[in-house]
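Thanks for sharing this one. Here are my notes, point by point, to read alongside the coordinates.

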Amino acid sequence: MTVRKNQSALTRTEKRRFVDALLELKRSGRYDEFVTTHNGFIMSDTDQGERVGHRSPSFLPWHRRFLIDFERQLQEVDPEVALPYWDWTVDRTPSASLWADDFLGGSGRPGDGKVMSGRFAEASGAWEINIRVDQRPYLRRALGTGARQLPTRAEVDAVLAMPVYDASPWNSASTSFRNHLEGWRGANLHNRVHVWVGGQMTTGVSPNDPVFWLHHAFVDKLWADWQARHPDSGYLPTTRTRNVVSLHDTMRPWNDVTPADMLDHTPYYTFDA
Amino acid sequence: MPEISRRRVLGMSAGTFAGLAVAATAAVNATAAKAAPSERQGSQGSGLEAFDEVYQGRRIQGAPTRGAGSHGGHGGGHGSGHGGGHGGQAHDFGYAVHLDGDELHIMRNADGTWISVVNHYETFATPRQLARAAVTELHGADLVPLVLTSA
C-alpha cells in the first residue's frame, strides 16, 4: 500500500530512491509527457470557457488523478517509491532539507536563476528542460524572491474552515474552499507557492521542477483534511454546468474518471498523518 | 514540421491536431496584424490601450485584437465529459502581447487581471505590467515558438 510521507521525514535512502526514479522517468521520456499534458491544460483552461485542470472545481480531482498517474509511473521504476508531500507551512525557508543537494537541490544563482547543485542541476546532465516556454534548457529557481513568504498554518486553517467546496461562477472569481486553496482569491495558498519557488514553477511548464509533485501532494492532502473537517460538504457542482466538470462528468484527458471517483483517496494511497 | 504560435499549440490540450488548418490561417492573420499595429489602435475589445516600448532592452508591444474580447476561438458545444481536447482552438481575450516580435501567451482572469505563460500563477493589473514581468523573468532569453514534433 502506498503511503505518502512528509518529505522532511524521509530517510536518506528514501530520498535517493525517489530521485533515482525521477531521473529514470526523465531519461525514458515519460516525465516530459506529464509536463506537456499539464501545460496543455493550464493554457486552455479559461474562466469563461471550458476548464478542467485549473481555475475550476475539478482543479482538485484533476490533480489527484494526475499525481496518481505519475506515482504509478514512478512505481513501475521502483515499487517502493511513493510521492512525498511538502508542508510549506512548516518547511518554509530555502535552508529546509528539501532543498539540500541529496534531494531536490537548492535555489538558482542570482541573475539567470540556474540551479547549480544537486542532481537536477544542468551540470548533472540528467535533467534537461525540453518542454519549455523559452530557450533556457536548465532548471531554474528563485526561492523566496517572487513571493513575500510561504503561506502560514493560520492561513491554511482559515481556508480549511470554509464549508462550501465551490461556487458559481466556478472559476477564479469564486468564493469557495477550492478557489481559496487554489489561490485566485483570499490569502492565496497554492498559487503563491508556485511563485515563491520561482523559475519554471511560475510557468505553465511547472512540472519541470520535481517540487511540483511534492507541492501538489500537499495541496491534495489539504483537500483530504478539508473533507475530514466537513463530512457533510461535498464536491460541487453536482448537476450539469456549462464548461465545468460536475460530480459525475468525466474529466479530460482520461475520459473515464469523474470527480466522484476521486473523492476518496484511500483506495490509492494513505498519508503518514 | 510546422511551426505555429504557442497559443495555437497549447490550445491543443490533449494532443489533438484537428484544427491545424485553422491555426495556419490564424498565423497568417496574426502576421498581417503585427505588420500594421497602428491600424488597430483604438479598436474595440478589451478597452485597453495599445503600447509599444523598450523595457530592459526588450521590445514589448500590446494591442487590442480584432476579436473584440469575445472568446472567438472557443466555440461552444463542449460537454464537460467529452474528450479529445480543444481541437486546436485558441482563446482570444481581446488583446495580444508580443515580446521582440514573438507572441506571449496571455490570459485574462474573470476579475480583469492578466497572467502569461511565464507568470502563470501571479496576476497583473495590465498587459503592460504583465509584459514587463515577462521580460524580467526571461532574463534575456527568447520565447520558444513551440514546434509540433509528436502527437
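The points below cover the sheet, the helix across it, the core and one histidine.

1. A word on the basis: this is a predicted model, where local features need pLDDT of at least 70, side-chain atom pairs count only at pLDDT 80 or more, and totals for chains, interfaces and linings use all residues. Residues are numbered from 1 along each chain as its sequence is written, chains are lettered from A, and side-chain values use heavy atoms, without hydrogens and water.

2. In chain B, four strands (DSSP E runs of at least two residues) make an open antiparallel sheet ordered β1-β2-β3-β4. Its edges are β1 (51–55) and β4 (102–104), each pairing on one side only; pairing takes at least two DSSP bridges. From one strand to the next, the twist averages 25°.

3. Inside that sheet, β2 (58–64) and β3 (95–99) of chain B are joined by five bridges. One to look up is B:I60, whose partner in β3(B) is B:L99.

4. Helix α3 (127–138) of chain B, a DSSP H or I run of at least four residues, lies across β1, β2, β3 and β4 of chain B. It runs at about 25° to β1(B), taken between N-to-C directions of lines fitted to C-alpha atoms, on a scale from 0 to 180 degrees.

5. The largest nonpolar core (buried nonpolar residues joined through side-chain atoms within 4.5 Å) has 99 residues, and A:W86 is among those touching the most other members. Helix α7 (211–229) of chain A gives the largest share, 11 residues.

6. Why does B:H120 count as buried? Because its relative accessibility is 2%, and buried means under 20% (1.4 Å probe, protein chains only). B:H120 sits in strand β7 (119–124) of chain B, and its contacts (heavy atoms within 4.5 Å) include A:W184, A:G204 and B:I115.

Conventions:
Buried < 20%, exposed > 50% of the residue type's maximum accessible area, 1.4 Å probe, protein only. Lists of a residue's contacts leave out its neighbours within four places in sequence.
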